[in-house]
There are 2 protein chains.
Amino acid sequence: MRYGIALERWLDLSTGINPCGWPVPALPAAAWSRLPDDEDELNEAARSYYDARAVLPVAGSQAAIQSLPRLRAPCQVGVLHPGYAEHAHAWRRAGHTVAPATAGELDNAVSRSDVLVLIHPNNPTGARFSPEQLLDWHAQLAARGGWLVVDEAFMDATPERSLAPYCDRHGLIVLRSLGKFFGLAGARVGFVLAEPTWLEQLRAQLGPWTVATPSRWVAVQALRDRAWQETARQRLEADGERLAALLRRHRLAPAGGCALFQWVCTPRAIAIHAYLARRGILTRLFKEPPSLRFGLPGTESDWIRLEAALADIDAHDLPGVCA
Amino acid sequence: MRYGIALERWLDLSTGINPCGWPVPALPAAAWSRLPDDEDELNEAARSYYDARAVLPVAGSQAAIQSLPRLRAPCQVGVLHPGYAEHAHAWRRAGHTVAPATAGELDNAVSRSDVLVLIHPNNPTGARFSPEQLLDWHAQLAARGGWLVVDEAFMDATPERSLAPYCDRHGLIVLRSLGKFFGLAGARVGFVLAEPTWLEQLRAQLGPWTVATPSRWVAVQALRDRAWQETARQRLEADGERLAALLRRHRLAPAGGCALFQWVCTPRAIAIHAYLARRGILTRLFKEPPSLRFGLPGTESDWIRLEAALADIDAHDLPGVCA
């Protein structure tokens, strides 16, 4: 219960998780009783899906975000800002010096950093960089023994932009996850793509059996389901455009986004967030800068519910932060 | 395939996992798509089942084994030996000085250690200690700012011997797991029971969302299923005695054990392990001292298969290591 609204009555647009995720079938019974097996088909399925030479399954990319900073002695870390805050938090926690950098400042940040951490496409701004630009930054960092860490949590809808095929290059580390595109956030399955020597160090630090056996089984099937993936990409692309158009029609033109979410910068962010919440629609509020992230509605009635609420906002004069 | 025998043909007695584990029903569909929620019913279900004031869910007790050593500056650590090797490994890896101690040496080890790590009942020896003895060791360690860490992975069949109700005492840390008694090794659900201040530090280090949502849901149901637990305890006690008697009948009298496994010390350990493996029966071999751990067969035909193989060993003269 929040705002007097029961959990199941909420339309949760706060997450960026595909609302029409991969449909999980019944599990083999042995999945619950057997210890996770590193020799199962998961690594092969992931290498093939990501087009990557070496992968390490982890319990969601969060597990990697948490652990990667422990693999380096304290150093200078540039982190894209605004962006998913857990990266900066984890590097600071491990004793590194973290300097936020906006997308426009990254070129300078590279020369001042030992490690550069990007979310690509960025969450929540949707900022994108060309592979050439990213590989150039990587080359500069790697020449000094540095790292480029690219969190590609929202990359699955545009696989042609992924750096996964380059992750055998020294000092390039790519994070992937089954949480967003596949809609399997509960399963806690992600991957680190990097040189085998770093993957071994990370694996030693995380220890054995970090991904549950049922989650591994589900991940193998989802990664191999090319037909579902193709359909999902087309649907998400269309739905992302539909969401952007809907927001524009209601004076909330997105400043950026990707297939799975749209990002709206507005001084009315706090007021709109509260207004939608009172109608049982949860969005993600960012205070710096004042902005909202809208995830995709899943069903047609969810779309209608969002549209009706946005129309009501038009009819009211919601205050901005300066009002 | 090992020994030319396909995976599904093996009788796996190597693990100590309950072969008749908690029967997992179909999952709610949302379990796969929703991020794990710290505010769900898991903590409450665990506090009630363990009779403990404060618990932290972790991705199997292995996650705690891996992380606890990072919460202390390098110190002297006594570890029960022989015993599950991951404890000593993790403390060494984090820079501590580890001294193995046999059960008989623990009294002395307490005075030389900042941290004492026990498996209770011990795996694989089955060694047991009285709660009074354990609490006395704890008091000695805690008076110096030390810790007693008790891994109770095999305690569920004898809950009256658990230290869980005392885990609000400063410096007492108890590890529990749903892997063995509940037979849910694939789910990766364990708990750390300790003072809230240590649990908070551990949680900060492990980060959010470490236990998968389907695993959390299954754990809540299993922890609350008192009827199943009572039946399982009775069955495991009877089966443990049956296994011990079976081994005794075949000149393999256990040197120790608990409901879920029996431990057989014999100079013929390597030969018997290989002999059983050629018949598709996997046991756990320890080289120091030469010994075998036998888990419980699950079905009546598994019992018959084990008995037939043991009878054949009698008929052969398997060599000891000195033969």
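These are my notebook entries on the A–B interface, one strand pair and several salt bridges in a predicted model.

**Interface**

I looked up the contact between the two chains first. I found 36 residues of chain A in contact with 35 residues of chain B. The area buried between chain A and chain B came to about 2,600 Å², with carbon and sulfur atoms giving 59% of it. I then asked which residues carry the chain A share: A:Trp32, A:Arg188 and A:Trp209 supply 26% of the area that chain A buries against chain B, more than any other three residues.

I listed the elements on the chain A side. At least two residues each come from α1 (30–33), α3 (61–67), α4 (86–93), α7 (196–206) and α8 (213–224) of chain A. By class, I noted 21 nonpolar, 10 polar and five charged residues on the side of chain A that touches chain B.

I searched the interface of chain A and chain B for salt bridges and got zero. The search for polar contacts across this interface returned 16 residue pairs, both residues at pLDDT 80 or more.

**Strand β3 of chain B**

I checked burial along strand β3 (residues 76–80) of chain B. Four of its five residues are buried, so the strand is largely enclosed by the rest of the structure. I followed its pairing and found that β3(B) runs parallel to strand β4 (residues 97–101) of chain B over five bridges. For B:Val77, I recorded B:Val98 in β4(B) as the bridge partner.

**Salt bridges**

I counted 26 salt bridges over all chains. In chain A, I noted a network of salt bridges that links A:Asp38, A:Asp40, A:Arg203 and A:Arg216.

In chain B, I looked at B:Glu152 and B:Arg176, whose side chains meet in a salt bridge at 3.1 Å, N to O. B:Glu152 sits in the loop between β6 (147–151) and β7 (172–177) of chain B and B:Arg176 in strand β7, so I logged a pair linking distant parts of the chain, 24 residues apart. I found both B:Glu152 and B:Arg176 buried.

I moved on to helix α9 (residues 226–249) of chain B, where B:Glu230 and B:Arg233 lie three residues apart, about one turn of the helix. Their side chains form a salt bridge at 3.8 Å, N to O. B:Glu230 is partly exposed at 41% relative accessibility, whereas B:Arg233 is buried at 16%.

I last checked B:Arg242 and B:Glu300, which form a salt bridge with the closest N and O atoms 2.7 Å apart. B:Arg242 lies in helix α9 and B:Glu300 in helix α11 (residues 300–315) of chain B, so this pair ties together parts 58 residues apart in sequence. I have B:Arg242 as partly exposed at 35% and B:Glu300 as partly exposed at 45%.

Definitions and conventions. Residues numbered from 1 in each chain as written. Chains lettered and ligands numbered in written order. Predicted model: local features only at pLDDT ≥ 70, side-chain atom pairs only at ≥ 80, totals over all residues. Heavy atoms only, no water. Contact = heavy atoms within 4.5 Å. Buried area = accessible area lost by both parts, 1.4 Å probe. Salt bridge = Lys/Arg side-chain N within 4 Å of Asp/Glu carboxyl O. Polar contact = N/O pair within 3.5 Å; in protein donor to acceptor, adjacent residues only side chain to side chain. Nonpolar A, V, L, I, M, F, W, Y, C, P; charged D, E, K, R; others polar. Buried < 20%, exposed > 50% of the residue type's maximum accessible area, 1.4 Å probe, protein only. Pairing = 2+ DSSP bridges.
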